[in-house]
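User: I am new to this structure and would like a close look at a single part, the surroundings of the ligand. Please take me through that part in one connected answer.

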Amino acid sequence: MRPMLTTPAYGGDWSPEQWDSATIDADITLMKEAGVNLVSLGIFSWAFLEPSEGSYDFDWLEDIITRLHAAGIATDLATGTASPPAWMAATYPHSLPVDARGVRLGFGSRQQYCPSSAVFRGAAQRLTRAIAQRFADHPGVVMWHVSNEYGCHVSECFCHECVEAFRTWLRDTYASIDALNAAWGTAFWSQRYTAFDQVGAPGAMPTFHNPAHALDWRRFSNDNLLSLMIAERDIIRQYSSAPVTTNFMGDFPRLDYQKWAGEVDIISDDSYPDPADPAAAHSVAWAGDIMRGLANGSSWLLMEQSPSAVQWRQRNSPKRPGQYLLWTLGRMAHGADGILQFQWRQSLRGSETFHAAMVPHSGKDSRTWGEVVRTGEVLSRLAPVMDAPYRADVAVVMDWQSMWAFNAAIGPVEGTHFERPRAWHRSLWEAGIAVDVVGDHADLSAYRVIIVAEHFIDSPDLTRRLQAAVEAGAQVLIEGPTAVVDRNLGAVPDGYLGSARQLLGVRVIEHAALTGAVESFSAASNGRGDAVNRLSRAVGTPAACEWIGVEAHADALRRATDRLGTPAPDLRAGQWAEEIAPAAHSWHDSGVEVVATFDGRGGGADLANMAAITRRSYAGGGNAWYVACDLDALSRRALLDVVGAYGRVRPVVDGLPDGVEAQRRGNFLFLLNHSDRAVELTGIVGRDLVDGAQCHGHVMLAPRCGMVVDQR
Ligand code: GLA
């Protein structure tokens, strides 16, 4: 869903509280000049909307919404509840959040509220109601913006009220304390509880927490914040039928957006890739594909990006010339139907003084302003693209619950932040293949290739749908560590892979992670000790290696590695490997072909000749592939070439020059030149909506420029 606008939304957060009346007037004029049609108002305005407890002042806000409306600019109106005012902290210090060490956080920053605080909840909901009542019928208000980036600073609070709320959540989840004890495995380490009231928050502890306790705490903290959003949304809905959103943050680790997505009318995202990162355009693609997945394939809204630098990295690099429009087109290419920024006018004071804005400190006489105006012009020509569908034959599954479980577990290695799903997505993106990022419960039936990586929790339901897909002819590629635990972090017995064993014909016997260099006596003494360490100098430590050699056996994989010209060893993994075995007596009995083995080089010495990649083939052309190690980029690409060939998956456009990304939405072809060179493209036919030029086959695309070719 998207706001009711006839051209893609364009604008940004505006905090007119910072500015005098003349600047506000000038801003509205400038907004027209930049082609702004939507502004987010009131996000951090609580102190002005309710200057003292219970007394509201909305006249100034109404005046601004009305002036914007008169200028043809719509408002995305916030509930204003993202940062409670000073009076709340002063009068109700218990409304402030408490960190894991029991320290109560102070006033003077933002998001300083305890999500369970009855005081905060009451005041936030009263404010939301008052705003919704007052503005629901204002013709300028086209959508609602609940709070802001839930959890970005405070995603959990360890105060007494939160512990009470956690206990209620646990009672609702487990019904009996015995069920909780069983699920958490409290028989170990004398952790058994006899009443819910004994359960606390997993704050500071002597050593390892109980993993299931930590995981449930994360789930509770997610649900607790989500309940805040739902409460405000429900109040808005009593007064208004305009769509409601709250801004997400891409693959933000602390909230399970799969659970949030169904609760909002518009999926919106805030995204700030680092211009200093050569793979930043992949971050644009990754976040965009995640958002489209959360929107079930429909369009979404970019709620925030920066027109140039941010101010919150250690060093903040500006966007390069052209990059603002290029990444804007990138968001549209991945399914956005509107582009907003943080923020409209750059602050002169306060915490975000040095964060770029659409109107920079230097004013109109700046590159940023020129690019802001140009981007507005271009977006106004992209109306035909709105609602055009993005279609992919490949899906990467992304599951927050598994990521949490992997991180809550103590071992087998430190959890990651979607490292492997993201790595596979990156490989597909670099290869020019369109890909959807989908949740655990998505309909997988239309995909030809489905990739499941680091899915730590065994999900029999997901396995059933993968099985159905493979039987219908799809390629299913699973990479470990997957299906290692149940949803309460209980280890899957009899060889990991749980419910997926049959599907793959594989069981996992043992995890074999490398440690990377270990500090040994000889290392500490710069090798001098070797001369005398007669015992330890003779000891092999493959686990201290940085890579694992893998050898391709299947002809297709050999050919793929040859084509890529990979240096020996052809295939490599990084720090993760598994000893795997056939699910039945032999690989043959399990219907499995060993596609690659560990070649014994590097950290894989003890796994030499054991299977590293397997394929179980199904009648009808489907295959279930298992990858028992974390293949590096080259090796992923080689394997994807093979799996993609089985799945008949093609790049969006073949043979593009380096640095050029192609994406398609309906009949619109996006071509994005991320490189520093002008590139020549052939076979491009249609009208470029960016410049209005007709393409007759041969086109030149300047550095960091994009085109949107209308091929209807
Ligand atoms: C977040 C917030 C904004 C602003 C930006 C700066 O996305 O929502 O208020 O602080 O970061 O990058």
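Analyst: What follows describes the residues around the ligand and their contacts with it.

This is a predicted model, in which local features need pLDDT of at least 70 and side-chain atom pairs count only at pLDDT 80 or more, while totals for chains, interfaces and linings use all residues. Residues are numbered from 1 along each chain as its sequence is written, and side-chain values use heavy atoms, with hydrogens and water left out.

The residues around the ligand, where a residue counts as near if one of its heavy atoms lies within 4 Å of the molecule, are Phe44, Arg110, Asn148, Glu149, Asp270, Tyr272, Glu304, Trp312, Phe342, Glu352 and His355. Sorted by class, this shell holds 4 nonpolar, 2 polar and 5 charged residues; here Ala, Val, Leu, Ile, Met, Phe, Trp, Tyr, Cys and Pro count as nonpolar, Asp, Glu, Lys and Arg as charged, and the others, Gly among them, as polar.

Several of these residues also make polar contacts with the ligand, a polar contact being a pair of N or O atoms within 3.5 Å. In the side chain of Asn148, an N or O atom is 2.8 Å from an oxygen atom of the ligand; for Glu304, a polar side-chain atom lies 2.3 Å from a ligand oxygen atom, and for Trp312 the corresponding distance to an oxygen atom of the ligand is 2.8 Å. Of the 310 Å² of accessible area that the ligand has on its own, the protein covers 96%, with accessible areas taken from the Shrake-Rupley method with a 1.4 Å probe.

Key: Polar contact = N/O pair within 3.5 Å; in protein donor to acceptor, adjacent residues only side chain to side chain.
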